[in-house]
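Reader: I'm setting up a closer look at this model and I'd like to start with the cysteines. Could you walk me through that part, and then move outward from there to whatever else is worth a look?

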Amino acid sequence: MNGYHMKQYNTLQFERDLQEFQIQLTSRQMDQFMTYYELLTEWNSVMNLTAITEFDEVLKKHFVDSLSLAKVYEGHFTGNVIDVGTGAGFPGIPLKIAFPSLKVTLLDSLNKRVRFLDAVIESLELRETEAVHGRAEDYARKKEYREKYDLCVSRAVANLSSLSEYCLPFVKKGGKFISYKSEKVSEEAKKAEKAIEILGGKTIGQSEFFLPSSDIYRNLYVIEKIKTTPGKYPRKAGLPAKEPLA
């Protein structure tokens, strides 16, 4: 790493929080998280990456939240992961830092965010990590991305039907799509069942919890890919959000 961060940070609470997910970081990984924090706040002063910039809040609401996936992901943290609508890199970059053997694709539709992600990837010396500028509806149709991933994750704000149409086409048979939600969405989840089935998926789990030492509610949906997604999905840009499958 390029020795970017020089400040001393109190990471005790962060380390305690991660113990709840059975995650222990090396000093290099901790350095990567601190450098990521500094890059995030530095770039955020010139572009809108996040409304959350205070140190403890970034650690809890972005880093710990991203890694809460460890609560529900039954499998080794290896293989190909795509983070759809990654924004400032959540959850993809924290997952890559904590589980370095993952191969990570970060997909975002805003070019300036992709430039930020490229800077993070370079500063943190993250191998087998790429940031891609584009829309899920377009990339999920490309041969080199379609049904190529063991895991698709998304913290993007969209209803579960639309998200499933963006995400499931990337997942190979036997792989999983995990959606991070911050509210109770039982009605939305019920409505999404048909869409998930049409797209070749099946909901196999849902986990509701509070982030460690907080009252921040989280809800993770785990969807398994049980058959190939029909070729006509995802529909063209804009449609999955405008007219969710029902």
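Author: Let's fix the term before counting anything: a disulfide here is a pair of cysteine sulfur atoms within 2.5 Å. In chemical terms, a disulfide is a covalent bond between the sulfur atoms of two cysteines. Keep in mind that this is a predicted model. By that cut-off, the count comes to 0 disulfides.

The pair to look at is C152 and C167. C152 is in no disulfide, and the nearest cysteine sulfur, 3.6 Å away, belongs to C167. Go at it from the other end and you get the matching story: for C167 the closest cysteine sulfur is that of C152, and 3.6 Å is too far for a bond. As for solvent, C152 has 0% relative accessibility, so it counts as buried. C167 is also at 0%, so it counts as buried too.

Now zoom out to helix 7, which covers residues 160-167. Its axis comes within 8 Å of the axis of helix 8 (residues 186-198), and the two cross at roughly 35°. The crossing is right-handed. On the helix 7 side, the contact is made by L160, S161 and S164, while helix 8 brings in E188, A189, K191, A192, A195 and I196.

Helix 7 also holds L163. With a relative accessibility of 1%, L163 counts as buried. Leaving out residues up to four places away in sequence, L163 touches S154, A156, A158, F177, S179 and K181. For a long-range distance to check in your viewer, take L163 and V58: they are 105 residues apart in sequence, and their C-alpha atoms are 24 Å apart.

Next, the backbone oddities. Most residues other than glycine have a negative phi, and most peptide bonds are trans. Two prolines are worth checking against that. The peptide bond from F90 to P91 is cis, with omega near 5°. P91 sits in the loop between strand 1 (79-84) and helix 4 (92-98), and its relative accessible area is 0%, so it is buried. Beyond its neighbours within four places in sequence, P91 is in contact with S66, D83, V153, R155 and Y180. Its C-alpha is 16 Å from that of S109, which is 18 residues away along the chain. The other cis bond to look at joins Y233 and P234, with omega about 0°; P234 lies in the loop between strand 7 (217-225) and helix 9 (239-242).

Then there's phi. Q22 is not a glycine, yet its phi is positive, at about 55°. You'll find Q22 in the loop between helix 1 (12-19) and helix 2 (27-44), where it is exposed, with a relative accessible area of 72%. E125 has a positive phi as well, near 50°, and is likewise a residue other than glycine. At 42% relative accessibility, E125 counts as partly exposed.

E125 also leads us to one last stop, since its place is in the loop between helix 5 and strand 3. Strand 2 (residues 102-108) and strand 3 (residues 129-133) pair in the parallel sense over 5 bridges. The chain gets from strand 2 to strand 3 through helix 5 (residues 111-123), and this β-α-β crossover is right-handed. If you want one bridge to click on, T105 has E130 in strand 3 as its partner.

Notes: Residues numbered from 1 in each chain as written. Predicted model: local features only at pLDDT ≥ 70, side-chain atom pairs only at ≥ 80, totals over all residues. Heavy atoms only, no water. Pairing = 2+ DSSP bridges. Helix = DSSP H or I, 4+ residues; strand = E, 2+ residues; numbered from the N terminus. Right-handed = clockwise from strand over helix to strand, strands pointing away. Buried < 20%, exposed > 50% of the residue type's maximum accessible area, 1.4 Å probe, protein only. Axes fitted to C-alpha atoms, helices over the stretch in contact; angles between N-to-C directions. Left-handed = near helix turned anticlockwise from the far one by under 90°. Contact = heavy atoms within 4.5 Å.
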